[in-house]
Amino acid sequence: MHPHLTFGSVSLVSDYLAGKEQIRPFFNGHFREPSSFSRVADQVRSGRRDVLADILADQNRRCGNLAALPAVELLRHPETRAVVTGQQVGLFGGPLYTLYKALSVIELSGQLNRQLGIPVVPVFYLVSEDHDFQEISWAGWVDRDNRYKRIEYSPVPLPARQPACEIRFDFDIVTMIDGWFKQLPETDFSDQLRQQLLTHYAPTKSFSEAFCGWFSELFKEQGLVLLDAADTRLKPLMQPVIERELRDSIAFSAIAATDRMLQESGYHSQLSVR
C-alpha cells in the first residue's frame, strides 16, 4: 500500500485500503476493483424518478446551477446511476475536504460513465437540516504572516437547535466579509472572490441558499447536481423507508450486529448504538 494512504493506528481503514481479506465481509466491494462498481450498479432499484427529477430541476434552477440540468434529465432514465456525496452547509463552503468530496464524485462519475457504459451523474447532498450551528458558523484561513486563524459568524441571538436552512444571514455578514478580505493576502483573484462571496453570502439568505449558490458558482462547468435535503417535497419519497424503519428497526439491528462482528474480528467499535 502507498505510504501516503495510511491512517496511523486505525486498522479498519488501513486494512480496507490494503484490500485485506478479513475486512471484505464488511463492504460490498473495493474501490480498486472495477467489478465492484458494476455489481453495485446492477443492484440499484429506484422508483418515482420523474418526481425526484422535477424537484432537483427546480432546486438547481433556483440556485443558478443551470449546468446541472442535463444531468438531472438523465436521472429520469432507469439505466442512469448516481455517485453521491454530501456535507453540512458550512460557512463559505465549509472545510476544504468538502470541495474534495465534490471533485471526487465528479471525477468518479466520469470514470464510471466510461467504464460501465451507462450514464452516471455526480450528486452533492446538502445537509441543510443539521442544527449544530457551531460546526457551520466558522472558517479557517492563513493570514499574511502564515498564521492559522478563524473567523466566525456570530449573530445575536445565536441560533439554538435551529436547522441550517432556517438560519438567515443579517447585515453583519457584509461587514465580516469586508473585514476578512482586508486581512487576506491580495492576489489577482481577490476582488472577484470577494464579490462572489458577497453575492451568495448576503443578508436574508439562509445558510443552505448561500451554500447552494456558492457551489453553483464553483462547479458551474462540471454539472454537479445539488440536492437540498430540507425540501419538503422530498419527504413523501422517503415515507416507505421511514415506515419500515419505525416498524422493523432495520438500521438499529444492522448497525448493532455489524458493530459486534467488527469487535469479534479485532476492530474497534464504530458506533455506540442506543
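This section describes aromatic contacts, strand pairing, a surface patch and salt bridges in a predicted model.

Aromatic contacts come first. The count comes to 14 aromatic pairs. One of them joins F169 and Y201, whose ring centres are 5.6 Å apart. The planes of F169 and Y201 meet at 70 degrees, so the pair is edge-to-face; the cut-off for that class is over 60 degrees. F169 sits in the loop between strand 4 (148-152) and helix 7 (172-183). Y201 sits in the loop between helix 8 (190-200) and helix 9 (207-218). The pair therefore ties together parts that are 32 residues apart in sequence.

Both partners have low computed values against the burial cut-off of under 20% relative accessible area. F169 has a relative accessibility of 3% and therefore counts as buried. Y201 has a relative accessible area of 0% and is buried. F169 and Y201 also belong to one aromatic cluster. Its other members are F92, F133, Y153, W180, F181 and F207.

A charged group also meets a ring. R150 lies over the face of W138, at 3.8 Å from the ring centre. The side chain of R150 also forms a salt bridge with E152, at 4.0 Å from N to O. R150 is partly exposed, with a relative accessible area of 47%. E152 is partly exposed as well, at 43% relative accessibility. R150 thus takes part in two contacts, one with the ring of W138 and one with the side chain of E152.

Strand pairing was examined next. Strand 1 (residues 81-88) and strand 2 run parallel. Eight bridges join the two strands. Across this pairing, G86 stands opposite Y125 in strand 2. Strand 2 spans residues 120-127. Six of its eight residues are buried, so strand 2 is largely enclosed by the rest of the structure.

The surface carries a nonpolar patch. L96, Y97, Y100 and L103 form this patch. Together they have about 440 Å² of accessible area. Y100 is placed in helix 5 (residues 96-116). At 48% relative accessibility, Y100 counts as partly exposed. The value for Y100 falls short of the exposed class, because that class requires over 50%.

Salt bridges complete the survey. Side chains of opposite charge can pair when their charged atoms come close. A search of the whole structure finds 18 salt bridges. Among them is the contact between E73 and R76, at 2.9 Å from N to O. E73 is partly exposed, at 38% relative accessibility. R76 is also partly exposed, at 22%. The value for R76 is not under 20%, so R76 does not count as buried. E73 and R76 are part of a network of salt bridges that also includes D50 and D54.

Another salt bridge links D145 and R147. The closest N and O atoms of D145 and R147 are 3.2 Å apart. D145 counts as exposed, with a relative accessibility of 55%. R147 is partly exposed, with a relative accessible area of 45%. The two partners fall into separate classes because the exposed class begins over 50%.

Key: Residues are numbered from 1 along each chain as its sequence is written. This is a predicted model: local features need pLDDT of at least 70, side-chain atom pairs count only at pLDDT 80 or more; totals for chains, interfaces and linings use all residues. Side-chain values use heavy atoms; hydrogens and water are left out. Rings of Phe, Tyr and Trp (its six-membered ring) pair if their centres lie within 6.5 Å; planes under 30 degrees apart count as stacked, over 60 as edge-to-face and the rest as tilted. Helices (H or I, at least four residues) and strands (E, at least two) are DSSP runs, numbered from the N terminus. Buried means under 20% relative accessible area, exposed over 50%, partly exposed in between (1.4 Å probe, protein chains only). A charge sits over a ring if NZ of Lys or CZ of Arg is within 6 Å of the ring centre and within 35 degrees of the ring normal. Patches are made of residues with over 30% relative accessible area and no salt bridge: like charges are joined within 9 Å, nonpolar side chains (Val, Leu, Ile, Met, Phe, Trp, Tyr) within 5 Å. Accessible areas come from the Shrake-Rupley method with a 1.4 Å probe; for residues, only the protein chains shown count as cover. Two strands pair if DSSP finds at least two bridges between them.
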